[in-house]
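Trainee: I should like to understand how the terms used for a structure follow from its values. May we go through them one at a time?

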Amino acid sequence: ISSLWSSAPETSECQYDPTNPKVNPLNPEGLKPCCACPQTKSARDGCFLKYGPEADENCKELVQNHLACMRSLGFKI
């Protein structure tokens, strides 16, 4: 019964980590979400700054492009 209390769950090896190239071959550089897809991220952010409250409607395509880029690197967003 002591083994039930002392053993740590082995979930760390089974968890999906998009920044780990061994687990996610789509991201061989191990980029973190903040550093991935800088071109689409800056275009999206610029659009939001430009349009403010109307950004939801005016920036849809840029947001979709950024989501597609992030997903292509294995990020689940």
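Mentor: Let us begin with burial, bearing in mind that this is a predicted model. Cys-37 has a relative accessibility of 4%. Buried means under 20%, so Cys-37 counts as buried.

Trainee: What makes Cys-69 partly exposed?

Mentor: Its relative accessibility is 24%. Partly exposed is the class between under 20% and over 50%, and therefore Cys-69 counts as partly exposed.

Trainee: How do you know that a disulfide joins Cys-37 to Cys-69?

Mentor: The S to S distance of Cys-37 and Cys-69 is 2.0 Å. A disulfide requires cysteine sulfur atoms within 2.5 Å, so the pair qualifies. Cys-37 is in the loop between α1 (2-6) and α2 (38-51), while Cys-69 is in helix α4 (residues 60-72). The two cysteines are 32 residues apart, and the pair links distant parts of the chain.

Trainee: Why is the disulfide of Cys-37 and Cys-69 called left-handed?

Mentor: The torsion about its S-S bond is about -95°, so the disulfide is left-handed.

Trainee: What makes Cys-47 and Cys-59 a disulfide?

Mentor: Their sulfur atoms are 1.9 Å apart. Since the cut-off is within 2.5 Å, Cys-47 and Cys-59 form a disulfide. Cys-47 lies in helix α2 and Cys-59 in the loop between α3 (55-58) and α4, so this pair ties together parts that are 12 residues apart in sequence. The link of Cys-47 and Cys-59 is left-handed, with -90° about the S-S bond.

Trainee: Are Cys-47 and Cys-59 buried or exposed?

Mentor: Cys-47 has a relative accessible area of 7%, and Cys-59 has a relative accessibility of 1%. Buried means under 20%, so Cys-47 is buried and Cys-59 counts as buried.

Trainee: How many disulfides are there, and what is their pairing?

Mentor: The count comes to 2 disulfides. With the bonded cysteines numbered in sequence order, the pairing is 1-4, 2-3.

Trainee: How do you know that Cys-34 is in no disulfide?

Mentor: The nearest cysteine sulfur to that of Cys-34 belongs to Cys-35 and is 3.4 Å away. A disulfide needs sulfur atoms within 2.5 Å, so Cys-34 is in no disulfide. Cys-35 is likewise in no disulfide.

Trainee: Why is Cys-35 called partly exposed?

Mentor: Its relative accessible area is 47%. Exposed means over 50% and buried under 20%, so Cys-35 is partly exposed.

Terms used
Residues numbered from 1 in each chain as written. Predicted model: local features only at pLDDT ≥ 70, side-chain atom pairs only at ≥ 80, totals over all residues. Heavy atoms only, no water. Helix = DSSP H or I, 4+ residues; strand = E, 2+ residues; numbered from the N terminus. Buried < 20%, exposed > 50% of the residue type's maximum accessible area, 1.4 Å probe, protein only.
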